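Please open the structure in a viewer and keep the sequence panel visible. The tour proceeds by selections, each followed by a description of what is found there.

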Amino acid sequence: MDPDSNQPLNSLDVTPLRKARTSLETFRKVGIPIIAALLSLLTITAVAVLIKVVLDNYFLCGQPLHFIQRGQVCDGQQDCASGEDEQHCVKKFPDGPPVTVRLSRDRSTLQVLDLATKNWASACFDNFTEALAKTACGQMGYDSKPTFRAVEIGPAQDLDVVKITENMQELQVQNSNGKRLDVSNWKVMAGSDKMGNFPSLPVAKIFITEPNITSPKEQDIALVKLQLPLTFSGTVRPICLPFSDEELAPATPLWVSGWGFTEQNGGKISDILLQASVQLIDSTRCNAEDAYQGEVTEKMLCAGIPEGGVDTCQGDSGGPLMYLSDRWQVVGVVSWGDGCGEPSTPGVYTKATAYLSWIYNVRKSDP
C-alpha cells in the first residue's frame, strides 16, 4: 500500500467541488434576484421612455380613443372628434376698445374718456354729461340709470404681466409647432430665488396679443391665468400695474430682475435670481443713429445706465422692469436689445401703460 494511502483519495479535488456547489447556491439566492431586479428596472425604464416618447409626439383623443401627431395640437384645425386638441391652446386676444374710466393724476378724481373728443372729463365737474355718467357706471357694472357711489379704482394687483418662456425658449406666436401653443406644456414657478428650487404651478390659459406686421417687435406681452390662485407669503407677493397716466422722467431709477446670461456671448445662465439697478433712458436718445435708429416705438421703454455695463441679457426675457413710488409697479417687461450692457444700445422693454386697455379687456372677458 502506498505510504500515503492513509490520506483521503482525491482530497485536493474535494474542496473545489464544495466551493462550486456553494457558488451555485449563492448565485441562486443572490444573483438571480439581482438579475431579476435589474431586468425589472430596465423594463420600467424602457416603458417610461416609451411613454415619454408617446406623450412628446402624440396626443390622445377621446370618444373614440385614438392618437394624433402632437404637431396637430393647437394648429387651428379640429383633429379630435370632440375638438379637445384645440381647447387648451394659447389664445390671441385682439386689442379692444380703450378703457374709459381712470383716476386722475393726483389719484383723487374719477375721470371718464369722452370718445368724441378723446379728452378725459372729471366726474361731477363742469361739462360732465349724463352720457359720460352712464359710461362710468357701465364700466363699474351698473347698466341702469346711474346713481353715484363712492368707489376706488386703481391698478390691478393680481396679474402677472410676463413674456412666456418654456425651457428658456421664447414663445413664438408664428411658430406652427403645436406643442408650444398647448397650454398644458407651460408651468409657472413662484416662491424662490433659486432656479428649480420650487414647485411648478399648472396654467389654465395664456393670452397673447395680435402681432403687429409693421412693427414685429411690438405686442411682446402675454397674460397667464393659473388653474389655482397663488398663495401670498413672504416670498410670493403681487406687484401693481401703473396708472394709465404714469409718465416717468428720463433718469428715473428702476429695477430689473432675471435668470439670464451673466455675460454677453458667453458666461452661463444664472441659477439664482439676479437684480440690477438701471434708469430710464430718453426714447430720443435710444432712437439715435448710433443706437436703435427709430426701432423703439411709443409702446416701448429703454432702460440701462449711460456708461453701459449693467443690463439684461439673453434669458432675461419676460422679467419685470419695476418702479417704486408709494408702492412697487411693473412698468415694463424685458423684451429685446442689441448685445448686453453696451452704452449706446440699452435694454428695450414692453411699456406696460401701452397695454392697460388690452389687459383690462382680457380680464373682463375671462374674469
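The stops below go from the whole chain to its sheets, its cores and its disulfides.

**The whole chain**

Begin with everything displayed, bearing in mind that this is a predicted model. A cartoon representation brings out five helices and 20 strands. Of the 367 residues in the chain, 34% are buried. Among contacts with a separation of 6 or more, 57% are between residues 24 or more positions apart. Switching to a surface shows what the chain exposes: about 22,500 Å², of which carbon and sulfur atoms supply 56%.

**The barrel**

Next, select strands 13, 16, 17, 20, 19 and 18. In that order they make a closed barrel of six strands with antiparallel pairing. From one strand to the next, the twist averages 45°.

To inspect the pairing of strand 13 with strand 18, select residues 253–258 and 320–324. These two strands run antiparallel and are joined by two bridges. Within strand 18, M322 is the residue that stands opposite W255.

**Strand 17 within the barrel**

Now restrict the selection to residues 300–304, which constitute strand 17. Is this strand enclosed or open to its surroundings? Five of its five residues are buried, so strand 17 is largely enclosed by the rest of the structure. In a regular strand, side chains alternate between the two faces of the sheet. Colouring by face shows M300, C302 and G304 on one side of strand 17 and L301 and A303 on the other, and both faces are covered.

Add the two partners of this strand. Strand 16, at residues 274–281, runs antiparallel to strand 17 and is joined to it by three bridges. Here A303 of strand 17 faces L280 as its opposite residue. Strand 20, at residues 347–351, pairs with strand 17 over four bridges, also in the antiparallel sense. V348 in strand 20 is the bridge partner of C302.

**Two disulfides of this region**

Keep C302 selected and add C286. A disulfide joins the two, with an S to S distance of 1.8 Å. The torsion about their S-S bond is about -95°, so this disulfide is left-handed. The pair links distant parts of the chain, since C286 belongs to helix 4 (residues 283–286) and C302 to strand 17, 16 residues apart. Both C286 and C302 are buried.

Move on to C313 and C340, whose sulfur atoms are 2.0 Å apart in a disulfide. What is the handedness of this disulfide? With an S-S torsion of about 80°, the disulfide is right-handed. C313 lies in the loop between strand 17 and strand 18, and C340 in the loop between strand 19 (328–336) and strand 20, so the pair ties together parts that are 27 residues apart in sequence. C313 and C340 are both buried.

**The nonpolar cores**

Hide the barrel and show F59, I68, V203 and I206. These residues touch the most other members of the largest nonpolar core, which has 18 residues. Strand 1 (58–61), strand 11 (200–208) and strand 12 (222–226) each supply at least two residues of this core. Apart from it lies another core of 13 residues, with L248, A276, V278 and Y323 among them. In soluble globular proteins, nonpolar side chains tend to be buried together.

Centre the view on F59 and display its surroundings. Leaving aside residues up to four places away in sequence, F59 touches H66, F67, I68, R70, V73, C80, E84 and D85.

**The disulfide at strand 1**

C80, a contact of F59, forms a disulfide with C61, and their sulfur atoms are 1.8 Å apart. The S-S torsion is about -60°, so the disulfide is left-handed. C61 is in strand 1 and C80 in the loop between strand 2 (66–69) and strand 3 (91–92), a separation of 19 residues. C61 is buried, with a relative accessible area of 0%, and C80 is buried at 2%.

To complete this topic, select every bonded cysteine: the whole structure holds four disulfides. Numbered in sequence order, the bonded cysteines pair as 1-3, 2-4, 5-6, 7-8.

**The open sheet**

For the last stop, select strands 4, 5 and 6, which form an open sheet in the order 4-5-6 with antiparallel pairing. Strand 4 (101–103) and strand 6 (119–122) stand at the edges with a single partner strand each, so one side of each is left without a neighbour in the sheet. Direction ignored, neighbouring strands of this sheet are turned by 40° against each other on average. Three bridges connect strand 4 with strand 5 (residues 110–114), and V101 stands opposite V112 in strand 5.

Terms used: Residues numbered from 1 in each chain as written. Predicted model: local features only at pLDDT ≥ 70, side-chain atom pairs only at ≥ 80, totals over all residues. Heavy atoms only, no water. Core = buried A, V, L, I, M, F, W, Y, C linked by side-chain atoms within 4.5 Å. Buried < 20%, exposed > 50% of the residue type's maximum accessible area, 1.4 Å probe, protein only. Contact = heavy atoms within 4.5 Å. Pairing = 2+ DSSP bridges. Axes fitted to C-alpha atoms, helices over the stretch in contact; angles between N-to-C directions. Areas by Shrake-Rupley, 256 points an atom, 1.4 Å probe, with all protein chains shown as cover. Disulfide = S-S within 2.5 Å.
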